[in-house]
Amino acid sequence: MADADDPPVLEGFICPICKSDLGDATKLLSHFEDVHSEEQDFIKSFKDLYDKAKKKILKQDTPSSTGINNVRQTSAASFDYSHEPQEIGTTRSRKKKFDAIRDERMQRLAVPTNQLIIRLGKLLENMPTDPLKRKVHEQNIVAWLDGETVDRCPNCAGSFYLARRKHHCRTCGSIMCNDCSHFMSLNTARKILDRPVEEIPQGNTEKNLRLCVHCISLLEVREEKRESRSAKPILSQFYQRLSEHKQQAHDLRLQYLKMYNSLTNGESIYSLDEAQVVKLKLLKLAENIDALSSKIAVLGKGTENPPQGQALRLQNMVRAASAVYLKTHLLNLPGLPTEEQFAEAQNKRREAINARIHEEKKRKSRLSNQINNVKSGPSLPKQSSDPTVSLGQGWVPEKTKVNEYDDPLIEQINIIRSYIKEAKAAHKYDEVASLEENLQELKKEFWKKQTEQELAKSGESSEAASLSSYDEVRQSDSSH
Amino acid sequence: MANKAGPQRPNGTAQAKICQFKLVLLGESAVGKSSLVLRFVKGQFHEYQESTIGAAFLTQTVCLDDTTVKFEIWDTAGQERYHSLAPMYYRGAQAAIVVYDVTNQDTFGRAKTWVKELQRQASPNIVIALAGNKADLANKRCVEYEEAQAYAEENGLLFMETSAKTGTNVNEIFLAIAKKLPKSETIGGSGSGQGRRLVESDTTAKTSTSCCK
């Protein structure tokens, strides 16, 4: 069809030598065999290149084309694509086409749905309570179809008569029978529109809007999609609660163990009652964790499609992990000492302390006998220091005058800054590092306080004060 | 002091270790926290020490057998308006010295509340020392040694009565802390700074009785 000198882009079953379009594969092959047999030596150089492709095609081709493939094999000429990496030739964007198709599909749902929402919003606005006025209001917004022109319900095709009355859909104005229309409560409509739900006065029945099945299904689909976007699966909700409980249990457990150790040592930091309360809380948490994990384990079982495979495995693992956690962390808590045991431990501790004090006194008196310490004068219990101990040369920053501020935090930030300067000048880099760390902490604390203040917003004056102090910090920041 | 590391290297079988510890001083205002630190770090004492603003920072190293302990000391202000800063300094501290004034019973009460706060909110492994300062003012004493000692024992605190003015027990209390602080490998032995002395005195007591027999 096309000649060799014709436009550069050619498509179809084109002979590689004379560039003529043969129409289909069989014709092209026989043409090639007949006309260009003498040029095959040249073609043979392509053979290696196409070998792989040929093998693949041989395996995949339909039975009808196997004959051709045999011919190809002998002729060693093939124009099928190869699976080797190819250079990109001419490209064309298909996005417009894709967009067009997609838009069409989207519009089939989105446009009517949006229209419905807009109409619903208008209907709800200033809706009169009086039924007659309400009807006028409704018809003002959506034109109702003339009842005369419709003699069958367009949905169920049932003809209208005394028992099957005509009803207008409030959002599209079309006519349906009672069975093919549903009521939507006003509060449901408000929920769809993200408007605050109104309380229904006592004694009044809730007002409804009659919608046809089409409209209501469109709205329901939209609601479902919206909910599914933000909704989490029940499993993850349960798991989140489980993790929260575990975190609480972890913190409480550490506290309990601290209390337990302190109590068994006879210390008086905590009381037995306090520890008992913590223990009860822990047991309650353990119960909750157990209940939640067993709920997770049986989640969805006994329904139409019980969890399978990975989902089922996940549920079982959660249950097993919780059981192990309970066993290793919560159920093996050491029991608290009884009142008597606690009293005994306290007595023991007291005795030990007394014994030690006694011992110290003895040692003291012996020391004062042995050493005639003139310098320290009064009978101070001086502790002898080890001979192997020596003090280094300490570092003290000079007292620099720092301006006073109302906020001790800002004051401290400025102090630390001056210290850092000094430490740098003295080449005390360990000190600089520690001071910098502290400065960061102070700043963090400062911003935390600022944001808290901002939130509280106790008035203009405090705001102005915090702003000016903010300027101070920034100024000294830049100077630093 | 340039040769401070000198004697350590040959005699220590192991390499000289350096441990760094954060230490915080807490206590009512005017009990002598700053004087105590200044005595420890610089060996100085000022009769009229200015009141601390915020928290001062000082460092001092102590050579202890084969380890060098470096104290980073945060000397907090005792005045009420700076109390909000204190948690920031004791939160990451490995050691704390709670100071009271032996001539003032109220400061001892305040020290007890500091100890309680530390026990509840500071790191659980914090080494707490109780220092009864101004011990040189014996004639004005209000807090008895035994009372404080008993309290310290009950709460597992190191305890000494100190005097920044005369220097009594100032270095000693810091050294006792340094000994009690865990130095990674010698955890078992380090915690028994006081216990060891007790054992010693036990044995001497025994030998003395056998001597009398």
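**Notebook: where chain A meets chain B**

I began with one pair of residues: Ser390(A) stands opposite Cys63(B), which lies in strand β2(B). A reminder to myself is that this is a predicted model.

Next I looked up the strands around that pair. Strand β5 of chain A covers residues 390-391. It is joined to β2(B) by two bridges, and the two strands run antiparallel.

Then I turned to the whole contact between the chains. How many residues of each chain are in contact? I found 60 residues of chain B in contact with 50 residues of chain A. The area buried between the two chains is about 5,100 Å². Carbon and sulfur atoms give 51% of that area. On the side of chain B, I noted that Phe57(B), Met88(B) and Glu154(B) lose the most area to chain A. Together these three make up 12% of what that side buries.

After that I checked the charged and polar links. The count of salt bridges between chain B and chain A is seven. I looked up one pair, Arg120(B) and Glu274(A), whose side chains meet in a salt bridge at 4.0 Å, N to O. I also noted 12 residue pairs in polar contact between the chains, with both residues at pLDDT 80 or more.

Which element of chain B gives the largest share of the side that touches chain A? My entry reads strand β2, residues 55-64, with 10 residues. So that I remember the mix by class, I wrote it down too: the side of chain B that touches chain A has 24 nonpolar, 18 polar and 18 charged residues.

Methods. Residues numbered from 1 in each chain as written. Chains lettered and ligands numbered in written order. Predicted model: local features only at pLDDT ≥ 70, side-chain atom pairs only at ≥ 80, totals over all residues. Heavy atoms only, no water. Contact = heavy atoms within 4.5 Å. Buried area = accessible area lost by both parts, 1.4 Å probe. Polar contact = N/O pair within 3.5 Å; in protein donor to acceptor, adjacent residues only side chain to side chain. Helix = DSSP H or I, 4+ residues; strand = E, 2+ residues; numbered from the N terminus. Pairing = 2+ DSSP bridges.
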